[in-house]
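Got your viewer open? Load the model, keep the selection box handy, and let's take a walk through it together.

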Amino acid sequence: MGMANRQPIGSGQRYRDIGRGVFGASALQWVVETVFTGVDGVAYAHLVCITDRSQRKTLSLAVLGDRRRFVRIEEVSES
């Protein structure tokens with residue numbers, strides 16, 4: 001499926017939800033807190049919203065890695 005050339009998903013990585021909200025594109029950005037395997041054998045990530053740490057969600061790595069739903073935000077140096 002072309003995932004071999006992608007970096008594995010891990011703690012500290014940031015993602016942006018590319019779904020469209022009521023007022024256009026969503027600006028919500030998420031950071032991966034932990035990655036774990038559930039009792040169902042599926043790999044998941046616990047995510048926390050960068051701008052509102054009270055917002056949290058758990059997604060399978062397959063969903064988080066789906067480029068139609070999320071895009072990874074590359075770390076940029078702040079000069």
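Here is a tour in several stops, from the whole chain down to single residues.

**Stop 1: the whole chain**

Before you click on anything, keep in mind that this is a predicted model. Colour the chain by secondary structure, and you should find one helix and seven strands. Walking from the N terminus, the elements come in the order β-β-β-β-β-β-α-β. The chain has 79 residues, and 29% of them are buried. Among contacts with a separation of 6 or more, 33% link residues 24 or more positions apart.

**Stop 2: colour by confidence**

Now switch the colouring to pLDDT. The chain average is 84, and 76% of the residues score at least 70. Which element has the lowest mean pLDDT, and which the highest? Strand S3, residues 24–25, is at the bottom with 59, while S5 is at the top with 97.

Next, select residues 1–5. Their pLDDT stays under 50, and the model gives this stretch zero contacts beyond four places in sequence. Where pLDDT is low, the predicted coordinates should not be read in detail.

**Stop 3: the sheet**

Show the strands as a cartoon. Five of them make an open sheet in the order S6-S5-S4-S1-S7, with antiparallel pairing. S6 and S7 (70–73) are the edge strands, each pairing on one side only. On average, neighbouring strands here are turned by 40° against each other, direction ignored.

Start with S1, residues 14–17. Four bridges tie S1 to S7, antiparallel; select Arg14 and you can find its bridge partner, Ile73, in S7. S1 also runs antiparallel to S4, joined by three bridges. For a landmark on that side, pick Arg16, which stands opposite Gln29 in S4.

Then move along to S4 and S5. How many bridges do they share? Seven, again in the antiparallel sense. These two strands form a hairpin with five residues between them, and in the turn Gly41 has a positive phi of about 85°.

**Stop 4: Trp30 and Ile50**

Select Trp30 and show its side chain. Trp30 stands opposite Cys49 in S5. Leaving out neighbours within four places in sequence, the contacts of Trp30 include Tyr15, Leu47, Ile50, Lys57 and Phe70.

Ile50 makes a good next click. You'll find Ile50 in the loop between S5 and S6. Is this residue buried, exposed or partly exposed? Ile50 counts as partly exposed, because its relative accessibility is 27%. Beyond residues up to four places away, Ile50 touches Arg14, Gln29, Trp30 and Val31. Put a distance label between the C-alpha atoms of Ile50 and Val31: they are 19 residues apart in sequence but 6.4 Å apart in space.

**Stop 5: the core**

Time to look inside. Select Ile9, Tyr15, Trp30, Val32, Ala45, Leu47, Cys49, Leu59, Leu61, Leu64 and Phe70: these eleven residues are the largest nonpolar core. Strand S4 (29–37), strand S5 (43–49) and helix H1 (61–64) each give two or more residues to this core. S5 supplies the largest share, with three.

Stay with one of the core residues, Leu61, which lies in helix H1. Leaving aside residues up to four places away, Leu61 touches Ile9, Val35, Ala43, Tyr44 and Ala45. Leu61 and Tyr44 are 17 residues apart along the chain, yet their C-alpha atoms are separated by 5.2 Å.

**Stop 6: Tyr44, Phe36 and Ser60**

Keep Tyr44 on screen and add Phe36. The structure holds one aromatic pair, and this is it: Phe36 and Tyr44 are stacked, 5.6 Å centre to centre with 25° between the planes. Phe36 is partly exposed, at a relative accessible area of 30%.

For a last click, select Ser60, which sits in strand S6, residues 56–60. Which residues does Ser60 contact, apart from its neighbours within four places in sequence? Val42, Ala43 and Tyr44. Why does Ser60 count as buried? Its relative accessible area is 15%, and buried means under 20%.

How values were computed: Residues are numbered from 1 along each chain as its sequence is written. This is a predicted model: local features need pLDDT of at least 70, side-chain atom pairs count only at pLDDT 80 or more; totals for chains, interfaces and linings use all residues. Side-chain values use heavy atoms; hydrogens and water are left out. Buried means under 20% relative accessible area, exposed over 50%, partly exposed in between (1.4 Å probe, protein chains only). Contact means heavy atoms within 4.5 Å. A nonpolar core is a set of buried Ala, Val, Leu, Ile, Met, Phe, Trp, Tyr and Cys residues joined through side-chain atoms within 4.5 Å. Two strands pair if DSSP finds at least two bridges between them. Axes are lines fitted to C-alpha atoms, for helices over the stretch in contact, and angles run from 0 to 180 degrees between N-to-C directions. Rings of Phe, Tyr and Trp (its six-membered ring) pair if their centres lie within 6.5 Å; planes under 30 degrees apart count as stacked, over 60 as edge-to-face and the rest as tilted. pLDDT is the predictor's confidence in each residue, from 0 to 100.
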